[in-house]
Amino acid sequence: MKVEKKYYSIKEVSKMLNIKEHVIRHWDSVDPKTNKLRVENLSIRTKGGTRFFNKTHINKISNLFSLL
C-alpha cells in the first residue's frame, strides 16, 4: 500500500508540475516594491526558510501556471 505524503519539497513539486524551481521561488517571494508576497499562501515555511507544499498549494501553483 502506497502512503501519500502530507508535504512535498520544492524539488518534488517542480518535478510533478514540470515547472523550474526558480519560477516557484519567484512566485513565493516578496516583491521589493510593495513588500508583499507575490502570491499569498503558496507554501509553508520553516523558521530556517525551507518551503513545504501540500496538495492545496500544489493545485494553486498548477492553476497559476496554466493561466500563464
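**Notebook: two asparagines and the overall fold**

I began with N18, which sits in the loop between helix 1 (10-17) and helix 2 (21-27). I note that the model is predicted.

I looked up the backbone of N18 and found phi near 60 degrees, a positive value in a residue other than glycine. I then asked whether N18 is buried or exposed. N18 has a relative accessible area of 67%, so I entered this residue as exposed, the cut-off being over 50%.

I turned next to N35, in the loop between strand 1 (30-31) and strand 2 (36-37). Phi of N35 is near 55 degrees, again a positive value in a residue that is not glycine. The relative accessible area of N35 is 61%, and I recorded N35 as exposed.

I then considered the chain as a whole. I listed three helices and four strands in the protein chain. Their order along the sequence is α-α-β-β-β-β-α. For the extent of the C-alpha trace, I noted about 50 × 30 × 20 Å along the principal axes.

What share of the 68 residues is buried? I entered 26% for the protein chain. I also looked up contacts with a separation of 6 or more, and 40% of them join residues 24 or more positions apart.

My last entries concern surface and charge. The accessible surface of the protein chain is about 5,300 Å², and carbon and sulfur atoms hold 54% of that area. I recorded 15 positive and 6 negative side chains. The centres of these two sets lie 2 Å apart.

Notes: Residues numbered from 1 in each chain as written. Predicted model: local features only at pLDDT ≥ 70, side-chain atom pairs only at ≥ 80, totals over all residues. Heavy atoms only, no water. Buried < 20%, exposed > 50% of the residue type's maximum accessible area, 1.4 Å probe, protein only. Contact = heavy atoms within 4.5 Å. Areas by Shrake-Rupley, 256 points an atom, 1.4 Å probe, with all protein chains shown as cover. Lys, Arg positive; Asp, Glu negative; His and termini not counted. Charge placed at Lys NZ, Arg CZ, Asp CG, Glu CD.
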